[in-house]
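Let's work through some exercises together, one step at a time. Keep the structure open beside you and try each task before reading its solution.

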Amino acid sequence: MNAIRTGTAITALLFVSLSVYAAGGNRPDSAIKEVRVKCDQGQTLQAAIDRADRTARPLAINFTGTCTENLSIGRSRLAIDGAGAGRIVGQVRNFGANITLRNLTITGPGVGYIASGGRTRLLDVHFVDNEEQGLAISGNGMVFFRNGSITSSGLEGVAVKSGTLEASNVQIAENGSGIQATMAQISLENADVVRNRGRGIDASMNSALRLVAGTFNENDGAGLVVDNSSSIYTEGVDVSWNGSSGISVRFNSAADIVDSTFSHNGQGGGFGSGAFVSTSSSATFRDTALFSNIVGINSFRQAFVHLEGATEVRDNMFDGMRLVQDSGAVVDDPVSIPPNGSGTAVSCDDTESSLDNRSTRVGPTSCTDFNSQ
(Lines give C-alpha, C1' and ligand atoms only; values in the text may rest on other atoms or scores of the structure.)
Protein backbone atom coordinates (compact mmCIF):
# COMPACT_ATOMS: atom_id res chain seq x y z
CA MET A 1 0.00 0.00 0.00
CA ASN A 2 2.82 2.44 0.90
CA ALA A 3 4.57 1.61 -2.37
CA ILE A 4 1.39 2.40 -4.31
CA ARG A 5 0.95 5.71 -2.48
CA THR A 6 4.59 6.59 -3.01
CA GLY A 7 4.34 5.79 -6.72
CA THR A 8 1.17 7.85 -7.05
CA ALA A 9 2.80 10.82 -5.31
CA ILE A 10 5.84 10.64 -7.58
CA THR A 11 3.61 10.48 -10.68
CA ALA A 12 1.59 13.50 -9.50
CA LEU A 13 4.76 15.45 -8.74
CA LEU A 14 6.19 14.60 -12.15
CA PHE A 15 2.96 15.71 -13.87
CA VAL A 16 2.99 19.04 -12.03
CA SER A 17 6.65 19.55 -12.89
CA LEU A 18 6.05 18.86 -16.57
CA SER A 19 3.04 21.19 -16.59
CA VAL A 20 5.05 23.99 -15.07
CA TYR A 21 7.86 23.41 -17.56
CA ALA A 22 5.41 23.40 -20.50
CA ALA A 23 4.03 26.72 -19.32
CA GLY A 24 7.56 28.10 -19.17
CA GLY A 25 7.46 28.55 -15.42
CA ASN A 26 10.99 27.25 -14.73
CA ARG A 27 12.68 28.24 -17.98
CA PRO A 28 14.99 31.25 -17.63
CA ASP A 29 14.25 32.40 -21.19
CA SER A 30 10.44 32.36 -20.87
CA ALA A 31 9.85 35.68 -19.09
CA ILE A 32 9.07 38.60 -21.35
CA LYS A 33 11.83 41.16 -21.58
CA GLU A 34 10.32 44.66 -21.66
CA VAL A 35 12.17 47.61 -23.14
CA ARG A 36 11.15 51.25 -23.33
CA VAL A 37 12.33 53.38 -26.25
CA LYS A 38 12.03 57.17 -26.34
CA CYS A 39 12.45 58.10 -29.97
CA ASP A 40 12.12 61.83 -29.34
CA GLN A 41 15.23 61.56 -27.15
CA GLY A 42 17.40 59.95 -29.83
CA GLN A 43 16.75 56.30 -29.00
CA THR A 44 15.84 53.89 -31.82
CA LEU A 45 13.76 50.76 -32.19
CA GLN A 46 16.39 49.02 -34.32
CA ALA A 47 19.01 49.40 -31.60
CA ALA A 48 16.64 47.90 -29.03
CA ILE A 49 15.94 44.94 -31.33
CA ASP A 50 19.61 44.36 -32.11
CA ARG A 51 20.63 44.43 -28.44
CA ALA A 52 18.02 41.81 -27.60
CA ASP A 53 19.00 39.37 -30.34
CA ARG A 54 21.41 37.63 -27.96
CA THR A 55 18.52 36.10 -26.02
CA ALA A 56 15.57 33.92 -27.00
CA ARG A 57 13.30 35.58 -24.45
CA PRO A 58 10.12 37.21 -25.82
CA LEU A 59 10.74 40.92 -26.34
CA ALA A 60 8.17 43.67 -25.82
CA ILE A 61 9.19 47.15 -26.93
CA ASN A 62 7.04 50.05 -25.79
CA PHE A 63 7.97 53.28 -27.51
CA THR A 64 6.98 56.92 -27.49
CA GLY A 65 7.48 59.73 -29.95
CA THR A 66 8.35 59.62 -33.65
CA CYS A 67 10.93 57.04 -34.75
CA THR A 68 12.52 58.11 -38.05
CA GLU A 69 14.22 54.91 -39.14
CA ASN A 70 13.97 51.80 -41.32
CA LEU A 71 13.51 48.60 -39.34
CA SER A 72 14.72 45.13 -40.35
CA ILE A 73 13.30 42.40 -38.14
CA GLY A 74 14.50 38.81 -38.20
CA ARG A 75 13.64 37.64 -34.68
CA SER A 76 10.36 36.12 -33.56
CA ARG A 77 8.50 36.61 -30.28
CA LEU A 78 8.68 40.36 -30.72
CA ALA A 79 5.93 42.90 -29.97
CA ILE A 80 6.21 46.63 -30.66
CA ASP A 81 3.62 48.92 -29.04
CA GLY A 82 3.29 52.64 -29.74
CA ALA A 83 0.58 53.28 -27.13
CA GLY A 84 -1.60 54.96 -29.75
CA ALA A 85 0.56 58.05 -30.36
CA GLY A 86 3.81 56.38 -31.50
CA ARG A 87 4.86 56.91 -35.12
CA ILE A 88 7.39 55.22 -37.37
CA VAL A 89 8.58 57.36 -40.28
CA GLY A 90 10.22 54.86 -42.57
CA GLN A 91 9.92 51.26 -43.68
CA VAL A 92 9.45 48.17 -41.51
CA ARG A 93 10.48 44.81 -42.96
CA ASN A 94 9.81 41.38 -41.51
CA PHE A 95 12.26 38.70 -42.73
CA GLY A 96 10.27 35.58 -41.85
CA ALA A 97 9.66 36.28 -38.16
CA ASN A 98 6.52 36.01 -36.04
CA ILE A 99 5.87 39.50 -34.66
CA THR A 100 3.14 41.83 -33.44
CA LEU A 101 2.77 45.57 -34.02
CA ARG A 102 0.06 47.47 -32.16
CA ASN A 103 -1.21 50.96 -31.42
CA LEU A 104 1.03 52.86 -33.84
CA THR A 105 1.22 54.71 -37.16
CA ILE A 106 3.59 54.01 -40.06
CA THR A 107 4.25 56.71 -42.65
CA GLY A 108 6.93 58.08 -44.92
CA PRO A 109 9.02 56.97 -47.94
CA GLY A 110 8.90 53.57 -49.57
CA VAL A 111 6.57 50.77 -48.45
CA GLY A 112 5.15 51.06 -44.96
CA TYR A 113 5.40 47.39 -43.94
CA ILE A 114 6.91 44.49 -45.91
CA ALA A 115 6.09 40.95 -44.81
CA SER A 116 8.64 38.77 -46.62
CA GLY A 117 7.42 35.51 -45.13
CA GLY A 118 6.68 35.00 -41.45
CA ARG A 119 3.50 35.82 -39.53
CA THR A 120 2.55 39.34 -38.56
CA ARG A 121 -0.23 40.64 -36.37
CA LEU A 122 -1.18 44.28 -36.92
CA LEU A 123 -3.48 45.51 -34.16
CA ASP A 124 -4.70 49.12 -34.27
CA VAL A 125 -2.00 49.99 -36.78
CA HIS A 126 -2.52 52.85 -39.23
CA PHE A 127 -0.62 53.40 -42.48
CA VAL A 128 -0.78 57.00 -43.67
CA ASP A 129 0.86 58.74 -46.65
CA ASN A 130 3.29 55.96 -47.55
CA GLU A 131 4.97 56.85 -50.84
CA GLU A 132 4.57 53.34 -52.26
CA GLN A 133 2.31 50.61 -50.80
CA GLY A 134 1.09 50.79 -47.25
CA LEU A 135 1.38 47.01 -46.78
CA ALA A 136 3.18 44.48 -49.01
CA ILE A 137 3.04 40.70 -48.44
CA SER A 138 5.13 38.12 -50.32
CA GLY A 139 7.02 34.87 -49.90
CA ASN A 140 4.04 33.08 -48.30
CA GLY A 141 3.90 35.70 -45.59
CA MET A 142 0.76 35.84 -43.44
CA VAL A 143 -0.67 39.07 -42.04
CA PHE A 144 -3.56 39.33 -39.56
CA PHE A 145 -4.80 42.93 -39.55
CA ARG A 146 -7.36 44.17 -37.01
CA ASN A 147 -8.89 47.59 -36.29
CA GLY A 148 -6.59 49.64 -38.49
CA SER A 149 -6.44 51.63 -41.71
CA ILE A 150 -4.39 52.24 -44.84
CA THR A 151 -4.93 55.66 -46.40
CA SER A 152 -3.30 57.89 -49.00
CA SER A 153 -0.64 55.46 -50.23
CA GLY A 154 1.04 56.49 -53.47
CA LEU A 155 0.51 53.03 -55.01
CA GLU A 156 -1.71 50.21 -53.73
CA GLY A 157 -2.94 50.28 -50.18
CA VAL A 158 -2.14 46.54 -50.00
CA ALA A 159 -0.12 44.40 -52.43
CA VAL A 160 -0.17 40.63 -51.88
CA LYS A 161 1.89 38.23 -54.00
CA SER A 162 1.95 34.61 -52.91
CA GLY A 163 0.75 35.47 -49.42
CA THR A 164 -2.24 35.61 -47.08
CA LEU A 165 -4.14 38.56 -45.64
CA GLU A 166 -6.87 38.21 -43.01
CA ALA A 167 -8.35 41.54 -41.95
CA SER A 168 -11.34 42.77 -39.99
CA ASN A 169 -12.65 46.21 -39.06
CA VAL A 170 -10.18 47.98 -41.34
CA GLN A 171 -10.45 50.83 -43.83
CA ILE A 172 -8.44 50.96 -47.06
CA ALA A 173 -9.17 54.33 -48.60
CA GLU A 174 -7.86 56.99 -50.99
CA ASN A 175 -4.86 55.01 -52.22
CA GLY A 176 -3.60 54.56 -55.78
CA SER A 177 -5.76 51.43 -55.71
CA GLY A 178 -7.16 49.44 -52.81
CA ILE A 179 -5.81 45.87 -52.89
CA GLN A 180 -3.73 44.21 -55.62
CA ALA A 181 -3.49 40.44 -55.19
CA THR A 182 -1.67 37.75 -57.19
CA MET A 183 -1.69 34.08 -56.14
CA ALA A 184 -3.11 35.29 -52.83
CA GLN A 185 -5.58 34.26 -50.15
CA ILE A 186 -7.55 37.22 -48.79
CA SER A 187 -10.33 37.27 -46.20
CA LEU A 188 -11.95 40.56 -45.19
CA GLU A 189 -14.70 41.07 -42.61
CA ASN A 190 -16.28 44.45 -41.95
CA ALA A 191 -13.75 46.12 -44.24
CA ASP A 192 -14.28 49.37 -46.13
CA VAL A 193 -12.33 49.57 -49.39
CA VAL A 194 -13.46 52.96 -50.63
CA ARG A 195 -12.54 56.04 -52.64
CA ASN A 196 -9.39 54.57 -54.14
CA ARG A 197 -8.11 56.13 -57.36
CA GLY A 198 -8.04 52.80 -59.20
CA ARG A 199 -9.88 49.55 -58.51
CA GLY A 200 -11.09 48.60 -55.09
CA ILE A 201 -9.75 45.02 -55.19
CA ASP A 202 -7.96 43.41 -58.13
CA ALA A 203 -7.25 39.69 -57.59
CA SER A 204 -5.70 37.49 -60.28
CA MET A 205 -3.82 34.27 -61.01
CA ASN A 206 -5.48 31.70 -58.75
CA SER A 207 -6.29 34.12 -55.95
CA ALA A 208 -9.20 33.53 -53.58
CA LEU A 209 -11.25 36.29 -51.95
CA ARG A 210 -13.69 36.01 -49.07
CA LEU A 211 -15.58 39.23 -48.27
CA VAL A 212 -18.12 39.45 -45.46
CA ALA A 213 -20.08 42.51 -44.32
CA GLY A 214 -18.09 45.35 -45.84
CA THR A 215 -18.33 48.19 -48.36
CA PHE A 216 -16.45 48.52 -51.64
CA ASN A 217 -17.70 51.86 -52.83
CA GLU A 218 -16.71 55.01 -54.70
CA ASN A 219 -13.57 53.61 -56.28
CA ASP A 220 -12.62 55.26 -59.56
CA GLY A 221 -12.31 51.90 -61.32
CA ALA A 222 -14.26 48.70 -60.70
CA GLY A 223 -15.19 47.83 -57.14
CA LEU A 224 -14.05 44.20 -57.36
CA VAL A 225 -12.11 42.36 -60.08
CA VAL A 226 -11.31 38.62 -60.09
CA ASP A 227 -9.64 37.08 -63.11
CA ASN A 228 -7.29 34.40 -64.41
CA SER A 229 -8.74 31.38 -62.56
CA SER A 230 -9.52 33.23 -59.34
CA SER A 231 -12.57 32.98 -57.07
CA ILE A 232 -14.63 35.22 -54.82
CA TYR A 233 -17.24 34.67 -52.13
CA THR A 234 -19.21 37.63 -50.79
CA GLU A 235 -21.85 37.81 -48.08
CA GLY A 236 -23.59 40.94 -46.89
CA VAL A 237 -21.39 43.38 -48.80
CA ASP A 238 -22.28 46.64 -50.55
CA VAL A 239 -20.57 47.40 -53.88
CA SER A 240 -21.85 50.75 -55.09
CA TRP A 241 -21.03 54.04 -56.76
CA ASN A 242 -17.88 52.76 -58.47
CA GLY A 243 -16.58 54.33 -61.66
CA SER A 244 -16.72 51.09 -63.65
CA SER A 245 -18.54 47.81 -62.92
CA GLY A 246 -19.34 46.79 -59.37
CA ILE A 247 -17.78 43.34 -59.85
CA SER A 248 -15.92 41.93 -62.84
CA VAL A 249 -15.39 38.16 -63.04
CA ARG A 250 -13.16 37.19 -65.96
CA PHE A 251 -11.01 34.49 -67.60
CA ASN A 252 -12.13 31.19 -66.05
CA SER A 253 -12.97 32.69 -62.67
CA ALA A 254 -15.93 32.05 -60.37
CA ALA A 255 -18.09 34.14 -58.04
CA ASP A 256 -20.51 33.11 -55.29
CA ILE A 257 -22.51 36.19 -54.26
CA VAL A 258 -24.86 36.03 -51.27
CA ASP A 259 -27.09 38.71 -49.71
CA SER A 260 -25.18 41.58 -51.30
CA THR A 261 -25.96 44.86 -53.06
CA PHE A 262 -24.59 46.21 -56.35
CA SER A 263 -25.95 49.64 -57.18
CA HIS A 264 -25.13 52.89 -59.00
CA ASN A 265 -22.03 51.47 -60.67
CA GLY A 266 -20.70 52.98 -63.89
CA GLN A 267 -20.29 56.47 -62.43
CA GLY A 268 -17.10 57.08 -64.43
CA GLY A 269 -18.90 57.04 -67.75
CA GLY A 270 -18.70 54.27 -70.30
CA PHE A 271 -20.33 50.91 -69.72
CA GLY A 272 -20.51 49.92 -66.07
CA SER A 273 -22.50 46.88 -65.00
CA GLY A 274 -23.54 45.87 -61.55
CA ALA A 275 -21.84 42.57 -62.43
CA PHE A 276 -19.75 41.77 -65.51
CA VAL A 277 -19.09 38.04 -66.05
CA SER A 278 -16.97 37.09 -69.04
CA THR A 279 -14.71 34.64 -70.86
CA SER A 280 -15.70 31.21 -69.56
CA SER A 281 -16.41 32.47 -66.05
CA SER A 282 -19.43 31.81 -63.86
CA ALA A 283 -21.34 33.59 -61.11
CA THR A 284 -24.14 32.66 -58.75
CA PHE A 285 -26.28 35.37 -57.12
CA ARG A 286 -28.44 34.49 -54.12
CA ASP A 287 -30.68 36.96 -52.28
CA THR A 288 -28.82 39.84 -53.95
CA ALA A 289 -30.01 43.20 -55.30
CA LEU A 290 -28.58 44.76 -58.47
CA PHE A 291 -30.12 48.12 -59.28
CA SER A 292 -29.44 51.57 -60.74
CA ASN A 293 -26.40 50.40 -62.72
CA ILE A 294 -25.91 50.90 -66.46
CA VAL A 295 -26.81 47.21 -66.91
CA GLY A 296 -27.64 44.94 -64.01
CA ILE A 297 -25.72 41.82 -65.13
CA ASN A 298 -23.68 41.54 -68.31
CA SER A 299 -22.66 37.98 -69.26
CA PHE A 300 -20.16 37.88 -72.10
CA ARG A 301 -18.15 35.31 -74.11
CA GLN A 302 -19.34 31.88 -72.97
CA ALA A 303 -20.02 32.97 -69.42
CA PHE A 304 -22.73 31.49 -67.19
CA VAL A 305 -24.90 33.12 -64.56
CA HIS A 306 -27.29 31.53 -62.04
CA LEU A 307 -29.81 33.66 -60.10
CA GLU A 308 -31.43 32.19 -56.98
CA GLY A 309 -33.57 33.07 -53.96
CA ALA A 310 -34.79 36.63 -53.41
CA THR A 311 -32.42 38.13 -55.99
CA GLU A 312 -33.78 41.18 -57.81
CA VAL A 313 -32.42 43.00 -60.86
CA ARG A 314 -34.30 46.27 -61.27
CA ASP A 315 -34.15 49.93 -62.24
CA ASN A 316 -30.97 49.63 -64.28
CA MET A 317 -30.46 52.16 -67.08
CA PHE A 318 -30.64 49.63 -69.92
CA ASP A 319 -31.27 45.88 -69.60
CA GLY A 320 -31.70 44.00 -66.37
CA MET A 321 -29.49 41.19 -67.70
CA ARG A 322 -27.68 40.92 -71.02
CA LEU A 323 -26.31 37.68 -72.49
CA VAL A 324 -23.72 37.99 -75.27
CA GLN A 325 -21.62 35.60 -77.39
CA ASP A 326 -22.78 32.14 -76.39
CA SER A 327 -23.51 32.98 -72.76
CA GLY A 328 -26.26 31.52 -70.64
CA ALA A 329 -28.30 32.07 -67.51
CA VAL A 330 -30.62 30.13 -65.25
CA VAL A 331 -33.18 32.12 -63.26
CA ASP A 332 -34.95 30.30 -60.43
CA ASP A 333 -38.20 31.24 -58.74
CA PRO A 334 -38.79 33.69 -57.02
CA VAL A 335 -36.06 35.82 -58.64
CA SER A 336 -37.44 39.16 -59.85
CA ILE A 337 -36.32 40.88 -63.07
CA PRO A 338 -38.97 43.41 -64.15
CA PRO A 339 -38.57 45.49 -67.31
CA ASN A 340 -35.57 47.76 -66.76
CA GLY A 341 -34.77 51.04 -68.52
CA SER A 342 -34.72 49.46 -71.99
CA GLY A 343 -38.12 47.89 -71.41
CA THR A 344 -36.46 44.45 -71.39
CA ALA A 345 -35.79 42.19 -68.44
CA VAL A 346 -33.26 39.91 -70.17
CA SER A 347 -31.80 40.38 -73.65
CA CYS A 348 -29.75 37.97 -75.74
CA ASP A 349 -27.60 39.66 -78.37
CA ASP A 350 -27.03 36.48 -80.44
CA THR A 351 -28.75 33.18 -81.11
CA GLU A 352 -26.07 31.20 -79.29
CA SER A 353 -26.92 32.84 -75.96
CA SER A 354 -29.91 31.45 -74.08
CA LEU A 355 -31.96 31.72 -70.91
CA ASP A 356 -33.55 29.04 -68.75
CA ASN A 357 -36.25 31.05 -66.95
CA ARG A 358 -37.97 29.23 -64.08
CA SER A 359 -39.43 32.30 -62.40
CA THR A 360 -42.84 33.90 -62.92
CA ARG A 361 -41.38 37.30 -61.99
CA VAL A 362 -39.27 37.86 -65.08
CA GLY A 363 -40.45 40.44 -67.60
CA PRO A 364 -40.00 40.48 -71.38
CA THR A 365 -36.95 38.71 -72.81
CA SER A 366 -35.40 38.37 -76.25
CA CYS A 367 -33.81 35.01 -75.52
CA THR A 368 -34.38 31.44 -76.60
CA ASP A 369 -34.66 28.71 -73.99
CA PHE A 370 -31.80 26.25 -73.50
CA ASN A 371 -34.12 23.42 -74.41
CA SER A 372 -35.27 25.01 -77.66
CA GLN A 373 -31.82 25.14 -79.29
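**Exercise 1.** Find which backbone nitrogen the side chain of Ser-230 reaches at 3.4 Å, and describe the surroundings of Ser-230.

*Solution.*
- Step 1. In this predicted model, the side chain of Ser-230 reaches the backbone nitrogen of Met-205, at 3.4 Å.
- Step 2. A polar atom of the same side chain, that of Ser-230, also lies 3.3 Å from the backbone nitrogen of Asn-206.
- Step 3. Now place Ser-230 in the chain: look in the loop between strand E21 (224–227) and strand E22 (231–235).
- Step 4. Is Ser-230 buried or exposed? Its relative accessible area is 3%, and buried means under 20%, so Ser-230 is buried.
- Step 5. List what Ser-230 touches, not counting residues up to four places away in sequence: Ala-203, Ser-204, Met-205, Asn-206, Ser-207, Asn-252, Ser-253 and Ala-254.
- Step 6. Take Ser-253 from that list. Ser-230 and Ser-253 are 23 residues apart in sequence, yet their C-alpha atoms are 4.8 Å apart in space.

**Exercise 2.** Describe Met-205, starting with its place in the chain and ending with its phi angle.

*Solution.*
- Step 1. Met-205 sits in the loop between strand E19 (201–204) and strand E20 (208–212).
- Step 2. Its relative accessibility is 40%. Partly exposed covers values between the 20% and 50% limits, so Met-205 counts as partly exposed.
- Step 3. Leaving aside neighbours within four places in sequence, Met-205 is in contact with Thr-182, Met-183, Asp-227, Asn-228 and Ser-230.
- Step 4. For a pair set apart in space, try Ala-97: Met-205 and Ala-97 are 108 residues apart in sequence and 27 Å apart from C-alpha to C-alpha.
- Step 5. Check the backbone: Met-205 is not a glycine, but its phi is positive, at about 55 degrees.

**Exercise 3.** Find the phi of Asn-103, and say which strand holds Asn-103.

*Solution.*
- Step 1. The phi of Asn-103 is near 55 degrees, a positive value in a residue other than glycine.
- Step 2. Asn-103 belongs to strand E7 (residues 98–108).
- Step 3. With 24% relative accessibility, Asn-103 counts as partly exposed.

**Exercise 4.** Look at the side chains of Ser-245 and Thr-288: which backbone nitrogen lies by each?

*Solution.*
- Step 1. Begin with Ser-245, in the loop between strand E23 (238–240) and strand E24 (247–250). A polar atom of its side chain lies 3.0 Å from the backbone nitrogen of Ser-273.
- Step 2. Ser-245 has a relative accessible area of 7%, so this residue is buried. Beyond four places in sequence, its contacts include Ala-222, Asn-265, Phe-271 and Phe-276.
- Step 3. Turn to Thr-288, in the loop between strand E28 (282–286) and strand E29 (289–291). The backbone nitrogen of Asp-259 lies 3.3 Å from a polar atom of the Thr-288 side chain.
- Step 4. Thr-288 counts as buried at 1% relative accessibility. Among the residues it touches, beyond four places in sequence, are Ile-257, Phe-262, Ala-310 and Glu-312.

**Exercise 5.** Work out whether Val-193 is buried or exposed, and name some of the residues it touches.

*Solution.*
- Step 1. Val-193 is in strand E18 (residues 192–194).
- Step 2. A relative accessible area of 0% means that Val-193 is buried.
- Step 3. Not counting residues up to four places away in sequence, Val-193 touches several residues, including Ile-172, Leu-188, Ile-201 and Phe-216.
- Step 4. Ile-61 is 132 residues from Val-193 in sequence and 31 Å from it in space, C-alpha to C-alpha.

**Exercise 6.** Find the cis peptide bond that leads to Pro-334.

*Solution.*
- Step 1. The bond runs from Asp-333 to Pro-334, and its omega is near 10 degrees.
- Step 2. Pro-334 lies in the loop between strand E34 (328–331) and strand E35 (346–348).

**Exercise 7.** Step back and describe the chain as a whole: how many helices and strands are there?

*Solution.*
- Step 1. Count the elements: the chain has two helices and 36 strands.
- Step 2. Look at its extent: the C-alpha trace spans about 85 × 70 × 25 Å along its principal axes.
- Step 3. The radius of gyration is 26 Å, whereas a compact globule of 373 residues would have one near 21 Å.
- Step 4. Finish with burial: 53% of the 373 residues count as buried.

Note on methods:
Residues are numbered from 1 along each chain as its sequence is written. This is a predicted model: local features need pLDDT of at least 70, side-chain atom pairs count only at pLDDT 80 or more; totals for chains, interfaces and linings use all residues. Side-chain values use heavy atoms; hydrogens and water are left out. Helices (H or I, at least four residues) and strands (E, at least two) are DSSP runs, numbered from the N terminus. The radius of gyration is taken over C-alpha atoms; the globule rule is 2.2 Å times the number of residues to the power 0.38. Buried means under 20% relative accessible area, exposed over 50%, partly exposed in between (1.4 Å probe, protein chains only). A polar contact is a pair of N or O atoms within 3.5 Å; within protein, one must be able to donate a hydrogen and the other to accept it, and residues adjacent in sequence count only if both atoms are side-chain atoms. Contact means heavy atoms within 4.5 Å.
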